[in-house]
Number of protein chains: 6
Amino acid sequence: MQQVITFGEIMMRLSPPGFARFSQATNFNVTYGGGEANVAVSLAYFGIPAAHVTRFPDNDLGRAATALLRHHGLNTDFILYGGDRLGIYFLETGAVARPSKVVYDRANSSFAQLEPGMINWEEVLQSAQWFHWTGITPAISEGAAQSCLEAIRVANKLGITVSADINYRKNLWQYGKKAHEVMPELVAGCDIIVSSVGDAADILEITPAPGSPDKFVSVCQQIMERYPRLKKIVNTKRGSISASHNTLTGLLWNGNELLQTPTHDITPIIDRIGGGDAFMAGLIYGLITYQNDQQALDFAVAASALKHTIEGDANLVTVAEVEPVMHGDSSGRLSR
Amino acid sequence: MQQVITFGEIMMRLSPPGFARFSQATNFNVTYGGGEANVAVSLAYFGIPAAHVTRFPDNDLGRAATALLRHHGLNTDFILYGGDRLGIYFLETGAVARPSKVVYDRANSSFAQLEPGMINWEEVLQSAQWFHWTGITPAISEGAAQSCLEAIRVANKLGITVSADINYRKNLWQYGKKAHEVMPELVAGCDIIVSSVGDAADILEITPAPGSPDKFVSVCQQIMERYPRLKKIVNTKRGSISASHNTLTGLLWNGNELLQTPTHDITPIIDRIGGGDAFMAGLIYGLITYQNDQQALDFAVAASALKHTIEGDANLVTVAEVEPVMHGDSSGRLSR
Amino acid sequence: MQQVITFGEIMMRLSPPGFARFSQATNFNVTYGGGEANVAVSLAYFGIPAAHVTRFPDNDLGRAATALLRHHGLNTDFILYGGDRLGIYFLETGAVARPSKVVYDRANSSFAQLEPGMINWEEVLQSAQWFHWTGITPAISEGAAQSCLEAIRVANKLGITVSADINYRKNLWQYGKKAHEVMPELVAGCDIIVSSVGDAADILEITPAPGSPDKFVSVCQQIMERYPRLKKIVNTKRGSISASHNTLTGLLWNGNELLQTPTHDITPIIDRIGGGDAFMAGLIYGLITYQNDQQALDFAVAASALKHTIEGDANLVTVAEVEPVMHGDSSGRLSR
Amino acid sequence: MQQVITFGEIMMRLSPPGFARFSQATNFNVTYGGGEANVAVSLAYFGIPAAHVTRFPDNDLGRAATALLRHHGLNTDFILYGGDRLGIYFLETGAVARPSKVVYDRANSSFAQLEPGMINWEEVLQSAQWFHWTGITPAISEGAAQSCLEAIRVANKLGITVSADINYRKNLWQYGKKAHEVMPELVAGCDIIVSSVGDAADILEITPAPGSPDKFVSVCQQIMERYPRLKKIVNTKRGSISASHNTLTGLLWNGNELLQTPTHDITPIIDRIGGGDAFMAGLIYGLITYQNDQQALDFAVAASALKHTIEGDANLVTVAEVEPVMHGDSSGRLSR
Amino acid sequence: MQQVITFGEIMMRLSPPGFARFSQATNFNVTYGGGEANVAVSLAYFGIPAAHVTRFPDNDLGRAATALLRHHGLNTDFILYGGDRLGIYFLETGAVARPSKVVYDRANSSFAQLEPGMINWEEVLQSAQWFHWTGITPAISEGAAQSCLEAIRVANKLGITVSADINYRKNLWQYGKKAHEVMPELVAGCDIIVSSVGDAADILEITPAPGSPDKFVSVCQQIMERYPRLKKIVNTKRGSISASHNTLTGLLWNGNELLQTPTHDITPIIDRIGGGDAFMAGLIYGLITYQNDQQALDFAVAASALKHTIEGDANLVTVAEVEPVMHGDSSGRLSR
Amino acid sequence: MQQVITFGEIMMRLSPPGFARFSQATNFNVTYGGGEANVAVSLAYFGIPAAHVTRFPDNDLGRAATALLRHHGLNTDFILYGGDRLGIYFLETGAVARPSKVVYDRANSSFAQLEPGMINWEEVLQSAQWFHWTGITPAISEGAAQSCLEAIRVANKLGITVSADINYRKNLWQYGKKAHEVMPELVAGCDIIVSSVGDAADILEITPAPGSPDKFVSVCQQIMERYPRLKKIVNTKRGSISASHNTLTGLLWNGNELLQTPTHDITPIIDRIGGGDAFMAGLIYGLITYQNDQQALDFAVAASALKHTIEGDANLVTVAEVEPVMHGDSSGRLSR
């Protein structure tokens with residue numbers, strides 16, 4: 001089967017064990033993850049060959065990050081080494097009314113120091129079936145944004161499906177450009193995007209038509225009009241009852257109708273990080289495998305729900321584990 | 001007080017800490033347990049002297065398993081040493097919609113290599129008041145099944161109460177015999193069994209009479225007719241809301257009427273393994289102590305509910321801890 | 001800003017990790033806490049300078065306890081060193097229907113061996129704005145009770161606000177005096193107390209007037225009549241659904257009206273110890289900062305609710321974390 | 001085989017992991033041990049049935065200590081429950097030039113509160129072959145000293161071998177009596193003692209004759225003259241090169257000649273606690289088994305050397321592991 | 001660069017942390033390793049592409065083992081899935097005079113159940129430059145021995161260098177054949193072997209000529225005469241001062257002269273497992289890279305010495321780390 | 001007593017537990033340290049009041065670092081908050097021939113972003129007796145170098161003793177200036193420096209006079225001539241037998257004679273980081289307390305030797321622990 005290629009920054013994740021606060025911690029759990037790589041790892045667990053493209057410093061930490069990606073089954077042949085440092089994020093796990101807390105330390109990373117032309121996208125995408133990126137990458141640096149644009153152009157040329165989770169992170173976008181100056185050109189090369197109503201406003205400057213019966217549909221219609229390559233716009237509605245208890249529903253606009261999934265109830269949440277990436281991976285798997293939007297969407301939300309039970313950034317579950325949940329069995333019954 | 005004797009295989013249990021998956025684990029928690037030994041340990045915590053009969057390899061692992069049984073107060077004088085290996089099971093703890101997962105590695109264990117005549121049941125049961133076994137033992141090997149039958153015969157001869165949790169594990173029974181070929185003779189020697197409607201069908205080939213108002217009662221009536229020594233048939237109804245949230249209700253048919261307990265709500269589950277064994281231990285304690293079926297049943301379900309809050313296979317709670325729950329106080333209020 | 005001074009015993013807290021029982025534990029988590037010091041630590045995290053007065057043995061354990069208080073931002077200049085030992089309490093964490101369990105080993109502590117005159121209260125309280133004590137201190141020993149009385153007298157003389165959580169611990173009070181013989185004189189020096197209806201009966205021998213429409217109000221009215229310095233009586237109602245799930249509501253009688261907060265739903269509880277101390281710290285912060293009883297009470301209950309998500313005795317949260325919860329946002333939503 | 005009976009206090013041992021100092025520790029390893037019980041555990045690993053007599057508080061900690069003794073194979077039937085608390089000692093592990101450090105918190109323990117007559121020594125010693133005590137017990141409290149004397153008298157009456165490690169701990173002996181007022185009567189009932197030249201001076205007020213060629217022999221001769229029941233006096237010479245590197249040599253005076261062992265070189269030391277107890281256990285095993293003083297002494301020193309490689313207080317090694325070392329093979333070669 | 005192919009069983013390794021004994025352990029460190037795979041991992045760290053051929057059960061444990069091999073940089077494309085179980089070995093780490101201890105539980109593993117023809121050696125070895133096996137494989141089962149012979153024949157046909165560490169493990173060889181019946185045919189296909197004088201006797205029935213000045217040389221000469229394909233015979237001399245302190249010297253007979261390395265002093269040993277495999281990997285790297293026997297041997301012994309400082313089975317060091325040690329700098333000086 | 005003021009960067013230190021390599025680690029031990037702060041912490045443990053001046057980011061990590069300094073007894077009142085990030089260093093612990101390994105990630109730290117004028121040195125040094133800095137600070141950034149110069153000038157004006165460990169780190173000094181351009185002006189303000197012969201060459205461009213009988217003395221004489229304020233030049237000679245075994249000797253040139261200490265043998269090393277800082281702290285303590293150079297030097301080397309047994313960066317030992325070692329007792333004998 002042809003590879004899915006994902007592209008984006010990977011950070012070292014350092015988190016106090018259990019529910020300890022930073023000031024209490026005498027040790028940190030360490031793993032490595034990033035929105036796009038999380039998608040790739042999940043796909044690898046689903047049996048879809050996946051390669052991640054990123055840039056690491058040429059030191060023991062960059063190599064440790066590569067080792068973990070390999071551990072989880074990714075092709076790491078396209079990773080570049082160079083630049084100054086590995087980005088880091090510190091994660092404190094919340095509970096009940098106390099939110100999890102993230103401290104980013106990602107400036108000047110080897111990935112942010114990417115320059116156009118560094119990655120040979122023709123070679124990377126040569127045998128790929130799908131290219132996935134997120135709105136985080138163009139927010140990191142001019143070079144990362146341009147590298148992403150290069151990739152999309154090559155993918156379009158090669159007829160490879162392009163997907164993006166365009167999510168808007170206000171605190172990134174520090175290099176002098178605004179999201180709405182950079183993103184439209186990138187979105188224009190996509191076949192499928194994940195976008196909330198808020199993301200559409202922040203990134204694409206598209207807001208629901210006044211009086212529209214469904215804000216999401218209204219926004220989707222306008223986006224599709226402006227970006228004709230787009231075939232599907234997808235979203236998850238997350239109900240935040242507490243840091244330990246969320247609900248999740250999936251939505252997909254395919255140009256004609258709004259598909260929706262049942263709502264999954266998730267309590268207690270084990271690790272909420274990467275829930276959206278797990279959704280994306282489920283969607284890609286579903287669209288490749290089922291070729292049926294409703295099934296793909298159901299699979300994606302079930303996968304995302306399961307991610308909340310997995311420690312770390314990535315969704316280490318198999319298709320055989322997602323399918324019962326997708327079909328409504330969330331009893332968690334032990335089989336011997 | 002006279003001893004309760006339990007008989008069955010004990011395995012090393014290896015589980016990733018927290019909710020980690022096998023592929024993430026760099027260390028495993030290790031303990032030792034088995035359905036019947038779990039009953040004995042729980043009885044020891046209830047103050048009932050209990051001895052477990054099993055067979056371990058004559059190596060450091062067998063001795064470590066014995067040490068843990070002694071730790072928890074069991075008489076280990078009747079344990080045999082010999083044979084090739086200690087059975088192992090690997091347990092991954094699930095949450096929410098992700099079930100816990102068990103990988104068994106128990107073939108060719110020292111216990112499975114038991115042969116008739118190895119255990120001197122006359123000596124073991126000499127000063128006992130109760131003998132307990134489960135449907136796992138006869139499923140393991142011909143020798144284990146025959147040893148179990150020997151024990152039941154001696155117990156019957158000595159007038160010792162015999163109980164069994166007959167539960168059916170489809171993936172065992174690999175040695176060439178079917179459950180329904182082996183089990184009836186063993187059940188015939190019992191005074192009390194735990195059996196669901198499904199177990200009765202799989203093991204005893206007894207199904208509810210068509211149109212019967214209560215399937216469990218119908219099955220119980222037929223079983224009792226066929227096995228006149230049986231005085232009580234017991235069961236638990238488990239409601240599986242998720243891997244983290246179950247409900248539990250106890251049922252007991254005493255030949256005349258169906259007793260039932262209130263339903264216990266258990267969330268979040270800490271460790272679900274051994275819930276049925278804790279129920280059995282509670283029932284044995286209750287029947288010995290209260291000599292009142294309803295109280296025994298109420299105690300058994302309360303004990304089982306508490307087991308779900310205890311790490312490991314065995315229910316390390318005292319009578320003083322079970323009784324408030326049995327009487328309806330599940331407030332978990334801290335007393336200083 | 002002037003300091004808040006707290007006074008009371010600090011114990012080493014030893015707890016098996018996770019939900020392990022004492023007999024399973026091969027290691028204990030260790031921290032140091034006490035009802036009054038917990039208040040001071042929380043205030044320090046709220047930005048209020050706080051000093052704790054206590055007595056430790058002059059050994060490595062006393063110094064380790066001091067180090068932890070300093071770690072959490074307390075002024076430890078007034079701590080005395082001497083006496084025989086550091087009090088200890090062992091804590092086993094419960095879940096669902098299994099309560100947490102405490103084994104105290106605090107007799108003959110350096111604090112219990114306090115003698116009147118040992119602490120120079122004039123110096124300690126010289127630059128203070130508030131003095132806080134609890135009903136635990138006078139229960140520990142005659143010397144501790146007398147030291148507390150000394151402090152209250154000096155505080156009254158200096159015009160410093162005095163608060164107390166008068167809570168009654170039946171198992172303390174072993175030195176030959178009864179709570180109701182000792183406490184009234186101490187309560188008479190207070191401006192604000194936390195007291196339940198039960199505490200009022202046990203400690204002050206005040207019970208609700210027969211037929212009074214609200215028992216708490218009835219008790220408050222009688223207390224205020226008898227102790228005219230008192231301006232506010234406060235309480236929390238804790239709903240114990242299980243050891244893992246509590247609700248919390250705050251009540252405050254200001255002499256004229258009964259203020260009440262919304263009810264907070266807390267599940268799953270991470271660490272219930274110190275919930276009342278967190279409430280007290282929140283109340284002190286709120287009364288100092290907002291100078292509005294309702295806001296102070298709302299802040300106090302929100303702070304207490306958050307404490308249940310923090311490992312250890314003390315509430316390591318900031319004002320910026322409490323305020324959203326106080327204003328009704330308990331969604332626990334992660335902000336990046 | 002008949003039991004060896006040991007008698008003495010058992011404390012909870014709390015130690016920071018690795019080489020951490022008390023002020024750095026956020027968790028403590030926990031185990032339970034005591035000089036005499038360590039002897040019994042070691043004997044149990046050597047296959048000699050052993051029972052330990054002590055007194056624990058009737059709480060979860062006392063029961064946890066009992067569980068560990070059972071775990072390691074001891075008969076715990078003679079343990080008494082009652083009194084106020086379990087003694088504790090805190091141990092910080094040193095290295096190189098930094099000594100390990102012990103903070104004792106053992107005052108007012110259930111054991112120290114022993115009273116004469118509490119233990120039915122006739123019953124305890126009825127089927128015993130050996131009784132062992134140490135100089136710690138009579139140092140703890142008058143009651144403990146008297147209980148020990150009771151035991152020795154019964155043992156003498158029953159013709160049971162009595163051994164003692166009389167070691168002098170200056171910081172104990174707080175109850176108003178001096179070692180040399182109490183110990184001689186107890187030593188008079190012994191068949192075998194472990195004593196250094198220093199112990200003999202402190203406890204028995206016996207010092208080497210001026211100009212004697214060997215101080216230890218001189219002291220032994222005087223002791224034996226004064227205490228005619230004594231048949232052997234034993235000692236270990238410990239060379240302290242550093243906290244991580246010791247040497248060990250055994251000496252035994254049998255009334256006629258001074259036996260000596262080769263010197264064992266121990267580096268790096270894993271856990272030095274209990275080295276003397278392991279020696280004592282080895283000696284008892286050796287004297288029972290080999291009935292040859294030199295072999296017994298060689299076995300004892302080899303056992304003690306191995307103890308320094310075992311974590312915790314007790315020497316968890318088998319005879320099969322000691323014998324090669326006793327015979328000069330300390331290569332530590334892995335056998336597969 | 002062309003791949004090195006290694007072939008052999010991989011076991012789960014379970015070891016108590018630190019120096020704990022099995023009976024003390026409540027958790028085990030888990031990793032996966034085997035003599036031949038350890039060689040491959042080390043080569044991957046040296047920058048030599050390496051693929052390991054083995055057979056795992058088709059379950060989560062087999063996949064976890066594969067993940068670790070990928071983590072460490074191996075090509076895992078040729079691994080087969082099937083059969084009953086993953087072999088396990090339990091390792092207790094010794095110190096000083098206490099040897100490390102291994103309990104094997106490897107019978108009936110998926111690897112032992114290999115049958116001739118299962119592995120397509122033509123495909124596996126197609127692009128390889130080197131094939132490595134050890135004497136463990138033919139000792140496991142008839143099928144494993146035959147698979148190994150198949151591989152050697154294909155390798156010989158393709159002109160690929162074949163190396164073997166022929167080491168003799170008496171406790172294996174349980175399937176009815178003796179080492180000397182099976183091994184000669186396999187050794188005949190080798191270019192390079194590691195063999196001690198003892199191995200040569202046990203496996204090849206070759207003993208030093210009486211009166212020969214150097215036993216190893218005498219044996220080498222006879223072996224080379226009998227197996228003309230052999231070009232080099234290599235060995236390490238291990239001095240076992242204690243379990244914590246070894247010395248290491250390398251020897252190589254190239255048909256003409258005996259090369260020898262300086263002796264490396266290793267204290268304290270962190271993890272002795274895999275020392276021989278690290279030597280083999282170093283030798284293969286050295287022979288490929290330096291094309292100079294003395295340098296290759298020096299590199300091999302330096303690599304092996306470093307392995308003793310690495311936790312786990314495999315030698316996770318780079319060429320840049322080995323070379324200083326190879327050139328005599330074992331100062332372990334920190335460079336910043 | 002007046003404070004010692006130290007000034008310098010503090011980094012988060014992240015290290016795999018035990019001897020694990022970065023690629024093996026799933027968690028990191030976390031602490032916070034820096035060359036100058038380590039001196040201050042050690043002085044605090046010696047009972048000398050000490051304040052550290054640094055700059056942290058205004059986030060949870062900066063506050064956690066402050067908490068640890070407070071924990072260890074420092075005055076943290078002069079710490080500034082602001083700037084982008086906390087510097088980090090990753091430390092892998094070596095053994096035997098494998099050196100420990102450090103990966104720095106300290107660029108763009110809040111400290112490196114210091115600007116002249118940010119710190120009010122008049123206020124900081126107002127009540128100080130001593131100011132200490134190191135050669136790391138001026139190497140970090142122009143702003144840090146200038147801040148250091150400001151401090152030295154104020155200290156000189158106030159007549160406060162100034163000391164420096166001028167050590168040269170080639171890999172720092174990235175901001176465009178060379179060490180020998182910046183350092184001389186700073187050294188000119190010092191009373192005491194630590195410098196090796198190599199440091200003198202790299203930093204001060206002073207080399208031993210050809211043919212001088214003692215290179216260190218020759219260098220000292222030249223330095224003192226050029227920098228007349230200097231009264232003492234100190235150094236340690238480290239013998240690197242292996243990463244686990246070092247020796248340590250102290251040297252002090254006081255203008256007239258070369259003092260030297262006995263050589264300390266350190267094996268096995270627990271944590272080598274901060275050995276030089278511990279020496280410096282010992283020297284400052286010694287010079288303040290003993291007012292005798294030889295005693296000060298002996299104390300300093302003994303303190304440094306002990307540091308190698310302490311986990312983390314700072315030397316958590318007391319004067320009572322250093323003095324026996326200083327007087328030649330390095331037996332590590334446990335006292336009870």
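User: A salt bridge is a side-chain nitrogen of Lys or Arg within 4 Å of a carboxyl oxygen of Asp or Glu. How many salt bridges does the rule find across the interface of chain A and chain E?

Analyst: This is a predicted model, in which local features need pLDDT of at least 70 and side-chain atom pairs count only at pLDDT 80 or more, whereas totals for chains, interfaces and linings use all residues. Residues are numbered from 1 along each chain as written, chains are lettered from A and ligands numbered from 1 in written order, and side-chain values use heavy atoms, without hydrogens and water. In contact (heavy atoms within 4.5 Å) are 7 residues of chain A and 7 residues of chain E. Across their interface, the number of salt bridges found is 0.

User: Which three residues supply 84% of the area that chain A buries against chain E?

Analyst: Between chain A and chain E, about 570 Å² is buried (accessible area, 1.4 Å probe, lost on being put together, summed over both), and carbon and sulfur atoms give 41% of that area. No other three residues of chain A supply more of its share than A:Ala67, A:Arg70 and A:His71.

User: Which strands stand at the edges of the open sheet of 8 strands?

Analyst: The order is β8(A)-β7(A)-β2(A)-β3(A)-β3(F)-β2(F)-β7(F)-β8(F), with mixed pairing; strands are DSSP runs of E, at least two residues long, numbered from the N terminus, and a pair needs at least two DSSP bridges. Each edge strand has a single partner, so one side of each lacks a neighbour in the sheet. These strands are β8 (101–105) of chain A and β8 (101–105) of chain F.

User: Which residue of β8(F) stands opposite F:Phe90?

Analyst: Strand β7 (residues 88–92) of chain F pairs with β8(F) in the antiparallel sense, over 5 bridges. Opposite F:Phe90, in β8(F), stands F:Val103.

Conventions
Helices (H or I, at least four residues) and strands (E, at least two) are DSSP runs, numbered from the N terminus. Buried area is the accessible area (1.4 Å probe) that two parts lose on being put together, summed over both.
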